[in-house]
Amino acid sequence: MIEHQNEPGVVSRRVRKDAGLPAVGVLGGDAVWSVAACLRSVGLKIADVEPAPKQISETLAARFQFGFASARCGALGDLRQILQLVQAATGVRQPKHWICAAPDGSFMDATRPGIDPSGFASKAELVVYRDTHLAAVLKLLQGVTTLVLPLSKVMGLVDAADGWVYPAQAAGTKLARGCKLEPTVYAADTMVDDFATLYAALITVNPALTIRLVVADPAQDLAAMAGQGLLRAVAAHCAARFSAVVYDPVLDMLLTRLSLPEPDARVVALVQKLMAGGDLLDAVAVAKPEVAAMEDAEMGIPAPSDAPREKRDRAQRRAERANGKAGKAGGEKAGGEKAVGENTGAKKSGGGSRVMCEDELLEAFS
Amino acid sequence: MRVCVIGNSHIAALKLGWDASVAADPAAWADVKPTFFGAPSDGMRHVKLEDGFIIPKRKDIAEHFQRMSAGQDKIRLADYDGFFLVGLNVSVKRILRFYKTHAWVGLSADAEKTLVHPQFVQEFLTERYGSTRLVELATMIRSVVSTPIVAMAEPHWASWIRQGQAGTADYGWDEAIVAGDAVQIGAAFLQSVTAALAPYATLVPQPPETVQDGIMTAAAYNKDASRLISGEGGGTDAAHMNAAFGQAIWPLVRQALQVQL
């Protein structure tokens, strides 16, 4: 049991580490783009620390933003907002102007507008509500083994008073006195710095955590797509630099295709494989010779024996595995940063172990 | 005033209460002529609307109708000046099930529960009660007639069940009362059922004098109910009420119907 730090006057709530959460959590998502929903659609169990009641209709669940992510935290989508949420949940930092007024005069949380259609009659009620939400987020951070962070934005609305970034507010919302939101585009260095701080905060809360970055949003215009290019570069950089971070641009593409109506069953299978830590090459290893054989046949080249190539491939894979192990054993710098040149692809052992078994089986019968 | 009373097993208390009311003061009730139709449990799900009649789809339901109404195996809606729907799966138990996993701002703090906005509670429960047979039947009748329709939910369970009893599901009455949340839960129940019925019918709340701790019925209104209704002894039935309960209901029903006539 740990004590969640509250602001003065807020009802204290004790948070229990929940060992029963599903392994994968997703921080951020909304009706437009929900990675959590995509992953659920392929059969993955996604942690939900603020679930809707079981009997709810889809319409009502969407109206109150249930199920779009592992907590009702809004879309997020940029590293700064994710960092802020983690800092608030861990009691490191709180925004100065997070209480705003709805057109009807009720009080709302400016850090997650639209979560509920209306506000609260008193600030005290809203404080309890936010405090409980943050406690749930902390429970999520502590309880999952993989945290998926969907990224889609390279700009935010910054409050000059304390540098806190807010999402866009609903029309008619009255911000707190002294709060003026200015649009700001994040530089790549800023995003990397934010991620470094975020990484340290997450690993402190949950040392066993794997962070999976996802850069995808199918409902984007051209300018936003350009931003995605920058985000992909930042994500790849972070995955190369930090040991517990995974980024695979192929997964981005697959998730985008998964959000289409009636996605291809092969996409479903591939997302399942990648989310389980498998290697995409496992899926194409069989297909490649078939394509090559078709091309050869079209050109009238007789099919050679596959034996030498298979033998060479097996030897190559064994060498790669040996390199991978060496990298894991001695390739990490202090502070969780990776050594230069370390393999930054999928690092979990599930797919690799299966390949090894297949190799040994083939060798036993060769 | 010809009143068509339709319900499930909770209609029994209304029949006992009606007989007691008429026996106590026949003149006071001379203008009200109730006809009872019903079926136990969710039997009223097995009826259909056809040419202005509510017709049972099962033989056993038709037999219940005949026995209770003295001979009618279907309900001709045009024969009545008002309708009184009773029970039909609407009870506070739905909120108590929700309360096991969720709470709303204003209730006692519980870190194990998901905290939601009161507006969500109102909309969710209205949606949930909208799918009950009580609301479905009100919708069905309103599609044919414009006469008044009033409804009452199943009574809260008798207070003595609060501590639990072997063989009885624990719906969490005691937890809610001990936490100090029961009165607000009872209020949310009335608010959401009223909203679910609003387009079609008017809710008659359980008489305040019969309610205990917001979500229970005072034990006196359950006394001997199991013997009177089912012939069982030993007071094993906390869900059904006695003639005194029915007597407390009828003045409220008459008033609600007369307001709309």
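Start in chain A of this predicted model by selecting strands E7 and E8: they form a hairpin with five residues between them. Click on Gly163(A) in the turn, which has a positive phi of about 80°. Now highlight E8(A), residues 165–166, where two bridges tie the strand to E7(A), and the two run antiparallel. To see one of the facing pairs, show Val158(A) and Val165(A), which stand opposite each other.

Stay with E7(A), residues 155–159, and add strand E9(A), residues 181–185. Five bridges join these two strands, again antiparallel. Which residue in E9(A) stands opposite Met155(A)? Select Val185(A) and you've found the partner.

**Over to chain B: the antiparallel sheet**

Next, pick out three strands of chain B in the order E3-E4-E5, which make an open sheet with antiparallel pairing. Why is one side of E3(B) and of E5(B) left without a neighbour in the sheet? Strand E3 (47–50) and strand E5 (75–76) stand at the edges with a single partner strand each, so one side of each has no neighbour there.

Zoom in on E3(B) and E4(B), the latter being residues 53–56: four bridges join them. Val47(B) is a good residue to click, since Pro56(B) in E4(B) stands opposite. Now bring up helix H2(B), residues 59–69, which packs on this sheet and touches E3, E4 and E5 of chain B. The direction of H2(B) makes about 120° with that of E4(B). Add helix H5(B), residues 133–142, and you'll see another helix packing on the sheet, this one touching E3 and E4 of chain B. Look along E3(B) to compare directions: the angle with H5(B) is about 15°.

**The parallel sheet of chain B**

Keep chain B on screen and select five more strands, in the order E2-E1-E6-E9-E10. They form an open sheet too, but here the pairing is parallel. Which strands are at the edges? Colour strand E2 (33–38) and strand E10 (202–203), each of which pairs on one side only.

Further in, take E1(B), residues 2–7, and E6(B), residues 82–86, which run parallel and are joined by five bridges. Show Cys4(B) and then Phe83(B), its bridge partner in E6(B). While you're here, bring H5(B) back: the helix packs on this sheet as well, touching E1, E6 and strand E9 (149–152) of chain B. Its direction makes about 165° with that of E6(B). Then select helix H9(B), residues 243–260, which lies across E1, E2, E6, E9 and E10 of chain B and runs at about 155° to E9(B).

**Last stop: where the chains meet**

Now show both chains together. On the A side, 26 residues are in contact with 18 residues of chain B. The area buried between the two chains is about 1,900 Å², and carbon and sulfur atoms give 62% of that.

How many salt bridges are there between chain A and chain B? The count is one, so to speak a single pair to hunt for: select Arg63(A) and Glu123(B), whose closest N and O atoms are 2.7 Å apart. The interface also has six residue pairs in polar contact.

Finally, colour helix H2 (58–63) and helix H4 (123–143) of chain A, the elements that give two or more residues to the side touching chain B. H4(A) gives the most, with four residues. If you colour that side of chain A by class, you get 13 nonpolar, five polar and eight charged residues.

Conventions: Residues numbered from 1 in each chain as written. Chains lettered and ligands numbered in written order. Predicted model: local features only at pLDDT ≥ 70, side-chain atom pairs only at ≥ 80, totals over all residues. Heavy atoms only, no water. Contact = heavy atoms within 4.5 Å. Buried area = accessible area lost by both parts, 1.4 Å probe. Salt bridge = Lys/Arg side-chain N within 4 Å of Asp/Glu carboxyl O. Polar contact = N/O pair within 3.5 Å; in protein donor to acceptor, adjacent residues only side chain to side chain. Nonpolar A, V, L, I, M, F, W, Y, C, P; charged D, E, K, R; others polar. Pairing = 2+ DSSP bridges. Axes fitted to C-alpha atoms, helices over the stretch in contact; angles between N-to-C directions.
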